[in-house]
Amino acid sequence: MKDVLVPANPSAEPTKYDAEKYGSKVNWSRQCMFIDGKPTVIVSGEFQYWRVPDKSRWKRILLQMKSLGLNTVRFYFHWGYHSPSEDSFISDGSRDIEELFNLCEELQLFVIAAPGPYICAETQGGGFPTWLLAKRNIRIRHLKRHFMKKFDARLAEYQNNYYRNILAIIRNHERTTNPTGCVILLQIENELLHKVPGITFADDEEMRSLASCARESGSTVPFFHNDDMPHGSWATGKKNHYLRNCWLPSTTQYRTDMYGVDLYFVFAPRDDRADRSSLAIGPFQIAGCAAFLEFFCIGGLGIGGDDLGCIHCLYKSTSAVGER
C-alpha cells in the first residue's frame with residue numbers, strides 16, 4: 001500500500017480532515033488535488049440549479065460545462081429554496097439534488113458542495129429563508145449591529161437543522177466513503193470575512209458550530225471557506241492576540257482544512273498575491289465592465305444559449321425560489 005500524503009501543517013481543529021483515514025481518496029498539495037491518488041487540477045464552474053427549476057435541463061447544462069473543459073462543478077444549495085416554510089425540507093422535483101449528484105457521477109464530474117447557509121449568489125436574502133428573516137428576535141449571521149457580532153444559539157439551531165437535512169444527502173455522494181462519489185470538498189459558510197487589523201467581523205464560534213454539525217452529520221471530505229477578499233480568513237488557527245489589547249480574553253481562530261478566496265480578476269503573471277488585482281478591478285466593476293467575470297456558468301448563463309425556454313426562465317419569469 002502506498003504512503004498516504006498528509007497535508008503540511010494540517011488544521012488542529014477537532015473537525016479537521018482525517019487524511020490518514022481518507023487521504024487515499026481525496027487529498028491535496030500546494031500544486032493540485034489528489035483524487036484516488038491521482039494528481040488532479042480542478043477546473044470548476046458554477047451551476048445554480050435553483051435558477052433552472054426544470055431538472056430535465058440539468059444534464060444538458062452539465063454536459064455543456066464538461067465540453068468547455070471543466071472537470072468540476074460547484075453547487076450553492078439554497079436553504080430558502082429547499083425550506084419554503086419553517087417545518088419543511090423539500091428535495092424532490094425541481095429540488096431533487098439526489099438527481100443532481102447522480103448526473104455528476106454519470107458524467108464523471110467532481111462536485112464542490114456549498115450549502116451556505118449564507119450563499120450570497122445575488123439572490124434574495126443570500127439564501128436565507130424568508131420565514132427566518134421575518135423572526136425579529138433572531139440575529140441573522142449573528143449580527144448584533146453593523147460590524148458587531150454575538151453568537152446567537154437560536155440561529156445556530158436553525159442552521160444546524162438545515163445542515164443535518166442537506167448533509168444527509170450530500171454525505172452519500174462523498175468520494176471519501178463512496179468509490180464512485182462526486183463530492184470532493186465541502187464549503188462551510190461563504191464570504192465570512194474574519195477580520196482586518198484591529199477590527200473583527202466574525203465570531204469563531206459561528207464557524208465552529210457549522211463545521212462541528214457537518215462532521216456530526218457524517219461529512220468526511222475536507223472543509224474550506226470562501227473568503228470575500230484575500231485576508232486569510234479561517235486559515236491560520238492563530239490566537240486572536242489583538243483581543244488582549246482590548247482587555248478581552250484571548251481566543252483561537254477557527255481554521256478550515258483548505259483556504260479559498262473570492263477573486264474575479266487576476267493580472268497574471270505579474271501579481272502572484274492578487275491583492276492589488278482585486279483593488280485594480282474595483283473601478284471596472286463599479287462601472288459595470290466586469291460583470292461577465294462574475295457570472296460565468298451561473299445558472300447556465302453563457303452556456304445553453306440556444307435554450308430559449310431556459311433563458312426566458314432566468315431573465316423574464318418570476319423567480320421560482322421559495323415557491324412550490
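A residue counts as buried when its relative accessible area is under 20%. By that cut-off aspartate 257, at 13% relative accessibility, is buried. The model described here is a predicted one, and this short tour goes from its sheet to its interior and then to its charged and aromatic pairs.

A good place to start is the open sheet, in which six strands follow one another in the order β4-β5-β6-β9-β12-β13 with parallel pairing. The edges are taken by β4 (44-46) and β13 (258-261); each has a single partner strand, so one side of each is left without a neighbour in the sheet. On average, neighbouring strands of this sheet are turned by 30 degrees against each other, direction ignored. Helix α4 (residues 97-107) packs on the sheet, where it touches β5 (72-76), β6 and β9. The direction of α4 makes about 170 degrees with that of β5.

Within the sheet, the strand partnerships can be followed one by one. Strand β6 (residues 110-114) and strand β9 (residues 183-187) run parallel and are joined by three bridges. Here valine 111 has valine 183 in β9 as its bridge partner. From β9 the path leads on to β12, again in parallel, through two bridges, with glutamine 187 opposite phenylalanine 224 in β12. Next, β12 pairs with β13 in the parallel sense over four bridges; on this side, phenylalanine 224 stands opposite methionine 258 in β13. Strand β12 is also mostly covered, five of its five residues being buried. Both of its faces are involved: Phe223, His225 and Asp227 lie on one side, Phe224 and Asn226 on the other, and all are buried.

The interior comes next. The largest nonpolar core has 56 residues, and those with the most contacts inside it are Phe47, Tyr49, Leu62, Phe75 and Phe77. Helix α6 (residues 153-170) supplies the largest share of this core, with seven residues. Another core, of 13 residues, lies apart from it and includes Ala19, Tyr22, Ile112 and Ile184. To see how one core residue is surrounded, phenylalanine 77 makes a helpful example. Leaving aside neighbours within four places in sequence, phenylalanine 77 is in contact with Tyr49, Ile97, Phe101, Ala113, Ala114, Pro115, Ile119, Tyr162, Ile166 and Ile170.

Aromatic side chains deserve a look of their own, since the structure holds 15 aromatic pairs. In one of them, tryptophan 79 and phenylalanine 128 have ring centres 5.9 Å apart and planes at 55 degrees, so the pair is tilted. Tryptophan 79 lies in helix α3 and phenylalanine 128 in the loop between β6 and α5 (130-133), so the pair ties together parts that are 49 residues apart in sequence. Tryptophan 79 and phenylalanine 128 are both buried. Phe47, Tyr49, Trp58, Phe75, Phe77, Tyr81 and Phe101 form one aromatic cluster.

Charged residues complete the tour. Side chains of opposite charge can pair when their charged atoms come close. The structure holds 13 salt bridges. One of these joins the side chains of aspartate 36 and arginine 175, at 2.7 Å from N to O. Aspartate 36 lies in the loop between β2 (33-35) and β3 (38-40) and arginine 175 in the loop between α6 and β9, so this pair ties together parts that are 139 residues apart in sequence. Aspartate 36 is partly exposed, with a relative accessible area of 31%, whereas arginine 175 is buried at 14%. Lys25 belongs to a network of salt bridges with Asp36 and Arg175.

A further salt bridge is formed by lysine 55 and aspartate 96, whose closest N and O atoms are 3.1 Å apart. This pair links distant parts of the chain, 41 residues apart: lysine 55 is in the loop between β4 and α2 (58-67), and aspartate 96 is in the loop between α3 (79-82) and α4. Lysine 55 is partly exposed, with a relative accessible area of 34%, while aspartate 96, at 15%, is buried.

The passage ends where it began, with aspartate 257. Its salt-bridge partner is arginine 215, the closest N and O atoms being 3.4 Å apart. Arginine 215 sits in helix α7 (residues 204-216) and aspartate 257 in the loop between β12 (223-227) and β13, distant parts of the chain that are 42 residues apart. Arginine 215 counts as buried at 19% relative accessibility, and aspartate 257 counts as buried at 13%.

Technical notes
Residues are numbered from 1 along each chain as its sequence is written. This is a predicted model: local features need pLDDT of at least 70, side-chain atom pairs count only at pLDDT 80 or more; totals for chains, interfaces and linings use all residues. Side-chain values use heavy atoms; hydrogens and water are left out. A nonpolar core is a set of buried Ala, Val, Leu, Ile, Met, Phe, Trp, Tyr and Cys residues joined through side-chain atoms within 4.5 Å. Buried means under 20% relative accessible area, exposed over 50%, partly exposed in between (1.4 Å probe, protein chains only). Contact means heavy atoms within 4.5 Å. Two strands pair if DSSP finds at least two bridges between them. Axes are lines fitted to C-alpha atoms, for helices over the stretch in contact, and angles run from 0 to 180 degrees between N-to-C directions. A salt bridge is a side-chain nitrogen of Lys or Arg within 4 Å of a carboxyl oxygen of Asp or Glu. Rings of Phe, Tyr and Trp (its six-membered ring) pair if their centres lie within 6.5 Å; planes under 30 degrees apart count as stacked, over 60 as edge-to-face and the rest as tilted.
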